[in-house]
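Subject: Structure for your review

Dear colleague,

Please find below the structure that I agreed to pass on to you. My notes on it follow directly after.

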Amino acid sequence: MEKRFSNYFTLWFIAFVLMVSNIWGISIFSLDEAKNASCAREMLERGDLIVPTFNYELRTDKPPLHYYFMMIAYKLFGVNEFSARFFSSLFGSFTVLVTFLFAKRVFDEKIALLSYLVLLSSLHFVFQFHMAVPDPFLIFFITSAVFSFYIFYKEGKKIFLWLFYICLGFGILSKGLVAIVLPTFTVLVFLALRRELGFLKSMSISKGLLITILISLPWYIAVGIKTDWIWVKEFLLKHNISRFSDSMEGHGGIFLITFLFVIIGMLPFSIFLPQTVKEVLKNKTNPTVLFLSLFVFIYTLFFSISKTKLPNYTVVVYPSLAVLIGITLTKLKIYKYFYSLLFYFILTLIIPIALYFILKNDENLYLVAQHSFFFFILTVGAFLSLIFYKNIKKVIISLSLSSILMTLVFFFILMPRIDKESSVKVILPYIDKDLPIGYYKRYNPAFSFYLKKRIVKLESPQEVEEFIKQGKVNILTREEFLEELRDVKGLKVVVKKKDLFENPTSVLLKNF
């Protein structure tokens, strides 16, 4: 028992080290990260566990669970990048461990270890748990929910049924109704295909839903009461229904792009998806394979139909897909897979070269273009896998170790160098924090996280003129709005810098 615990701890610790790698050394520059991290800071500052605000105005984007964990981290470690991301990374390591334990329980240790490696080898998966956003918590709770249901279905142990309902409740507190709609729909489709809808009688649905409701509903009621139900209306209508029915913030795309997100996100082992599909179809009568494949397909299909499409939406399916790929890797001998390795080798040759020219032509990042050649680490892994083609174990080791090394290089070398070019890093030293700070129409929300004070909203040139009457001030805006302020006397551009991975250019103005 002690040895088993030691093995599990080692697996968890390795995953945690990868998930937490340099979360302290990269600034909060992502727009979503900045809003979430700032919102948690403001809630902690006010001692308010109910109403989320950004720049001291109501924020209706997300439920509060990730704010709570950030607030705990802020209390423990102070308000900084590490704190904002710490629990995201911790839940990432838990997700990997839960996937391992599930695969070991329903299959065997070999498949469990392969599933573990598949997840840790996905740069996108690890990247997601480096972010101060709600997705890491949603991924953990939905993964735990679907795995708990299946263990209950297979073994009949009630503890896993209650875990299923508990995880659904915390999932709803993480990101809303998606946490209950898609897992329960998958369960219904699974039982219908198995002609076992009668199994629902054993699921204590009324008691289970009561558990889910008791965990999730009190906060929704409280925030509704405190905001005259504005938060609830905006969250449901704008951030759920509108995101599904309309493309928001330019995040649209063709139907198949969501499936492409999964394929790219699960590299390198997604190169074996053709073999995995064959294995799934061959074993479609196996209830575990059927359940996991249904969950992956239903979840991905849902966000393919959704008008708003983002790569992070489908990361929830990675643990289940990792198990399916893990099963396939144990049977790779029966499949032709040389062309999968050859495809990956060619792809890893193209990636650094393409990335170099993309960065070289980016006015923000041309200075770091040469660092794109670090991605040849993946090429080396791909090349070794071709050399060891007939030795499946060495193929898997070559692919996984090169990917994990690339992940560490990405977070400890590439991202810090790119981060130096962020608009926030460049502009912050020019801001006098003792002076009043305003913004004209729009600004990069990361400034709120670092300035830790209200940034006054200015909607017209007249409001700007009134604002600068109080003396010297800082005004943040975007380059696209500068023409509107050309007649405001005494206002000069101090510095401007294009936002990382975004179209706008941030600008700091001062009056002299």
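I213 belongs to helix α10, which covers residues 205-226. Please keep in mind throughout that the model is a predicted one. I213 has a relative accessibility of 40%, and it therefore counts as partly exposed, the class between the 20% and 50% limits. Together with I205, L209, L217, I221, I225 and W229, I213 makes a nonpolar surface patch of about 590 Å². As general background, an α-helix has 3.6 residues a turn, so residues three or four places apart point the same way.

Turning to the interior, the largest nonpolar core has 131 residues. Those that touch the most other members are F149, F164, F190, M203, F272, Y299 and L329. Helix α7 (residues 135-155) provides the largest share of this core, with 14 residues. Another core, of 29 residues, lies apart from it and includes I28, M43, F54 and L428. Leaving aside residues up to four places away in sequence, F190 touches F149, Y150, Y153, P287, L290, F291 and L294.

Two helices were examined for length and cover.

Helix α5 runs over residues 109-120. At 1.5 Å a residue, its 12 residues should span 16 Å, and the end C-alpha atoms are 16 Å apart, so the two values agree. Its buried residues are I111, A112, L114, S115, Y116, V118, L119 and L120. Their cover includes α1 (2-19), α4 (81-106), α6 (123-128), α15 (318-330) and α18.

Helix α16 (residues 338-360) has 23 residues, for which a span of 33 Å is expected at 1.5 Å a residue; its end C-alpha atoms lie 34 Å apart, which agrees. In α16, the buried residues are S340, L341, Y344, F345, T348, P352 and L359. Among the elements that cover them are α13 (273-282), α17 (376-387) and α18 (392-419).

One loop residue also deserves a note. Where is M266 found? M266 sits in the loop between α12 (257-265) and α13. Its relative accessible area is 0%, and M266 is therefore buried. Not counting residues up to four places away in sequence, M266 touches V118, S122, Y318, L321, A322 and I325. Of these contacts, Y318 is 52 residues from M266 in sequence, while their C-alpha atoms are 7.2 Å apart in space. V118, another residue that M266 touches, is one of the buried residues of α5.

Yours sincerely

Technical notes
Residues are numbered from 1 along each chain as its sequence is written. This is a predicted model: local features need pLDDT of at least 70, side-chain atom pairs count only at pLDDT 80 or more; totals for chains, interfaces and linings use all residues. Side-chain values use heavy atoms; hydrogens and water are left out. A nonpolar core is a set of buried Ala, Val, Leu, Ile, Met, Phe, Trp, Tyr and Cys residues joined through side-chain atoms within 4.5 Å. Buried means under 20% relative accessible area, exposed over 50%, partly exposed in between (1.4 Å probe, protein chains only). Helices (H or I, at least four residues) and strands (E, at least two) are DSSP runs, numbered from the N terminus. Contact means heavy atoms within 4.5 Å. Patches are made of residues with over 30% relative accessible area and no salt bridge: like charges are joined within 9 Å, nonpolar side chains (Val, Leu, Ile, Met, Phe, Trp, Tyr) within 5 Å. Accessible areas come from the Shrake-Rupley method with a 1.4 Å probe; for residues, only the protein chains shown count as cover. A salt bridge is a side-chain nitrogen of Lys or Arg within 4 Å of a carboxyl oxygen of Asp or Glu. The expected span of a helix is 1.5 Å times one less than its number of residues.
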